[in-house]
Amino acid sequence: VASLGKEELTDVIYEKAVGEGIAKITINRPEKRNAFRPRTIQELSWCFGDARDDPEVGAIILTGAGTLAFCSGGDQAVRGKGGYVGEDGIARLNVQIRRLPKPVVAMVAGYAVGGGHILHMVCDLTIAADNAVFGQTGPKVGSFDAGYGSTHMARLVGQKKAREIWFLCRLYDAHEAREMGLINTVVPLAQLEEETLVWCREMLRNSPTALRVLKAALNAAEDGQAGIQELGGNATMLFYQSEEGNEGRQAYLEKRPPDFTKFKRLP
Ligand code: 2NE
């Protein structure tokens, strides 16, 4: 992935709105309803990595090309015995979105099914067009996601509904999806991009550190040790920016005992 460059992207379109702080990642396989193959996952990973590392980017939109599908999941034509990318291809991408310390917004028109449905669920927010259709198809095609695709879904919609979605493989329209807490809002298809930008700009007016720590905190309860690690990493990052944190480092470098006496022990 490290060797990939933007000019080499074939399955994904990667754009940044100069001066806006918004990156947009578009899965670009509309003829396959934006199903992902191993290369797509690799390219998505590269784009998310770039957006994470670019200090100008404050929010990321994930979407699919065209109006017929956000993503129809794993490309069944290239599914082998071991999966799409080893056995954990999709899981790594999910984890990457979870760990990305900036809000990721799924902008959904058309089908978000199978692995495509999981992708929107792990995004922080989902803005859907009124033609959006949601659901899992895995058990129909001999697949399932026992990771976030199951456990995070149950957190979003409750245990009974999650079992219904997975066991029956029904599809749900955008209004049903909003009612069950799968998505944030539904807008007419023609307003999808504009509304998504409104939500992004609204977030970008707020403190990036507050959003970063809140994302880690909201993930933490679900993510076990990894979630605590993420939250803990944020605490360390903030502490390193403080006078108290710097006093320890400075004292070490100056080969003197640290003087922490001026720092209050807050209740
Ligand atoms: C998405 C859906 C409902 C769209 O239906 P429709 O009628 O609008 O389009 P159509 O004609 O079915 O699809 C257009 C073309 O895209 C291909 C189709 O085969 C078709 O190709 P041609 O016949 O024109 O050559 N296409 C669509 N989705 C594809 C896919 N996932 N893989 C390969 N080709 C695909 C309808 O297309 C649909 O139900 N698609 C399959 C959805 C699905 O079952 N996805 C996999 C679920 S499993 C998964 O993603 C997964 C997981 O469960 C766990 C971990 C990781 C991944």
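## A tour of the predicted model

Start with the whole chain: the protein has 10 helices and 10 strands. Keep in mind that this is a predicted model.

**Stop 1: the whole protein**

Show the C-alpha trace and turn it. Along the principal axes, the C-alpha atoms fill a box of roughly 65 × 45 × 40 Å. How does the radius of gyration agree with that of a compact globule? A compact globule of 267 residues would have a value near 18 Å, and the protein has 20 Å, so the two agree.

Now switch on the surface. About 14,000 Å² is accessible, and 55% of that belongs to carbon and sulfur atoms. Colour by burial next: of the 267 residues, 45% count as buried. Then draw the contacts. Among those with a separation of 6 or more, 68% are between residues 24 or more positions apart.

**Stop 2: Thr26**

Select Thr26. This residue is found in strand S2, which covers residues 22-27. Is Thr26 buried or exposed? Its relative accessibility is 6%, so Thr26 counts as buried; the cut-off for buried is under 20%.

Add the residues around Thr26. Leaving aside neighbours within four places in sequence, Thr26 is in contact with Asp11, Val12, Ile13 and Glu15. Thr63, Gly64 and Ala65 are also in contact with Thr26.

**Stop 3: helix H5**

Move to helix H5, residues 148-157. Which residues of H5 are buried? Select Tyr148, Gly149, His152, Met153, Ala154 and Val157 to see them. An α-helix has 3.6 residues a turn, so residues three or four places apart point the same way. Keep that in mind as you look along the helix.

Step off the end of the helix. Just after H5, Gly158 takes a positive phi of about 95°.

**Stop 4: the cavity**

Next, look for enclosed space. Rolling a probe the size of a water molecule over the atoms shows where empty space is left. How many cavities of 30 Å³ or more does the structure hold? The count is 1. The largest cavity holds about 40 Å³ of space.

Select the lining as sticks: Arg98, Arg99, Leu100, Pro101, Arg212, Lys215, Ala216, Asn219, Glu230 and Asn234. Helix H2 (89-99) and helix H9 (208-240) are the elements that give two or more residues to this lining. H9 gives the most, with 6 residues. Colour the lining by type, and you will find 3 nonpolar, 2 polar and 5 charged residues.

**Stop 5: Ser242**

Follow the chain out of H9. Ser242 sits in the loop between H9 and helix H10 (243-253). With a relative accessible area of 22%, Ser242 is partly exposed.

Finish with two distances, C-alpha to C-alpha. Pick Ser242 and Arg212: they are 30 residues apart in sequence and 18 Å apart in space. Arg212 also belongs to the lining of the largest cavity. Then pick Ser242 and Thr26, from Stop 2. Their C-alpha atoms are separated by 39 Å, with the two positions 216 residues apart along the chain.

Conventions: Residues numbered from 1 in each chain as written. Predicted model: local features only at pLDDT ≥ 70, side-chain atom pairs only at ≥ 80, totals over all residues. Heavy atoms only, no water. Helix = DSSP H or I, 4+ residues; strand = E, 2+ residues; numbered from the N terminus. Buried < 20%, exposed > 50% of the residue type's maximum accessible area, 1.4 Å probe, protein only. Contact = heavy atoms within 4.5 Å. 1 Å grid on protein atoms, 1.4 Å probe; cavity = no way out; pocket = protein on both sides within 12 Å on 5 of 7 lines; lining within 4 Å. Points joined across faces, edges and corners; volume = space filled by probe spheres on them. Nonpolar A, V, L, I, M, F, W, Y, C, P; charged D, E, K, R; others polar. Rg over C-alpha atoms; globule rule 2.2 N^0.38 Å. Areas by Shrake-Rupley, 256 points an atom, 1.4 Å probe, with all protein chains shown as cover.
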